[in-house]
Amino acid sequence: MTTSDWGEWLVRAIEDADPDGVAVWYFGCNGFALKGDEGTTVFIDPYLGTGSPPRTIRMIPVPFDPEDVTEADAVLATHEHTDHVDGPSQAPILETTGATMYGPDDSLAVTREEGWTDEWDLADDQFEEVSEGDTFEIGEFTVNVEPANDADATHPVSYVIEHDAGTFFHGGDSKPAEEFERIGEEYDIDLGVLAFGTVGNIPDKQTGEPKRTRWYNDENQIVEAANALRLETLCPSHWDMWKGLTADPKALSHHTNSFEYPINLEIIEIGDRVDL
């Protein structure tokens, strides 16, 4: 069972919010929640675990207990890694709210391998497989499934979420992708999330020996991706999470200045809210 460092205040703030448009909250790592002015609430990659010390060590608070979430319409997964698909973090949300989980095939395969429907009171129809090119509705949101470029994942996707108030992009852990220019031309993205980090020595899974590791975009890659996507505002994520791979997103101000996009850089910390 997940135990929060912060109690219930963040989930209560989300549930009590009455946004004029779309409100977006950051959970740290690559987790976000979107809530529209009609009350539709979508969680993306919420991860509330502490990693697998000493290999991966969480450096930020656990912002809420998933059992405390009482309002959610959907949980979206970008890819199959543990910090994006995790039973203890996400299954209780599905169980309490009746929400549907959407994800690519390999992400949903994790839910079956871990026996989510056996351990929690979940129905098979709460899991919907998605693939690049799909479009579906979640309440007031239109969700478009687009490609992603994450060599460490077996089937990553990105999401473009449209609303009357604006358009939100979540790239998962994607680095620059060939399709990003097309996505930037096709959608008018107001706020885009891209994973940012540094290179660190992380113990190898098999040997335990330190191994040079780059999981996320560096300064040049994240700006290349943001420019291709034509982001009005770039929101770096994941920079806060793992010991040895944390980075300072303020450094990105120097890298964005000479590019047409992103127009703005929005640096948020765990628990922060921004609005479209």
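Me: Along S9, which side chains point to one face and are buried?
Reply: This is a predicted model: local features need pLDDT of at least 70, side-chain atom pairs count only at pLDDT 80 or more, and totals for chains, interfaces and linings use all residues. Residues are numbered from 1 along each chain as its sequence is written, and side-chain values use heavy atoms, leaving out hydrogens and water. Strands are DSSP runs (E, at least two residues) and helices likewise (H or I, at least four), numbered from the N terminus; buried means under 20% relative accessible area, exposed over 50%, partly exposed in between (1.4 Å probe, protein chains only). Side chains alternate along S9: Thr135 and Glu137 point to the other face and are not buried, which leaves Phe136 and Ile138.

Me: Why do side chains switch faces like this?
Reply: S9 shows an alternating pattern. The general reason is that in a regular strand the side chains alternate between the two faces of the sheet.

Me: Which residue in S10 stands opposite phenylalanine 136?
Reply: S9 and S10 (141-147) pair antiparallel over four bridges; pairing requires at least two DSSP bridges between two strands. Threonine 135 faces asparagine 144. Opposite phenylalanine 136 is valine 143.

Me: What is the phi of glycine 139, in the turn between S9 and S10?
Reply: The two strands form a hairpin with two residues between them. Glycine 139 sits in that turn, and its phi is positive, at about 55°.

Me: In what order do the seven strands of the open sheet with S9 run?
Reply: The pairing is mixed. S9 (135-138) and S17 (264-265) are the edge strands, each pairing on one side only. The order is S9-S10-S11-S12-S13-S16-S17.

Me: At what angle does helix H6 run to S13?
Reply: H6 (219-229) lies across S12 (166-170), S13 (191-195) and S16 (233-237). Axes are lines fitted to C-alpha atoms, for helices over the stretch in contact (heavy atoms within 4.5 Å). Angles run from 0 to 180 degrees between N-to-C directions. For H6 and S13 the value is about 150°.

Me: Why is one side of S8 and of S18 left without a neighbour in the sheet?
Reply: Their open sheet has mixed pairing and the order S8-S7-S6-S3-S2-S1-S18. S8 (127-129) and S18 (273-275) stand at its edges, so one side of each lacks a neighbour, the reason being a single partner strand.

Me: What is the bridge partner of alanine 23 in S18?
Reply: S1 (22-26) and S18 pair antiparallel over three bridges. In S18, alanine 23 is matched by aspartate 275.
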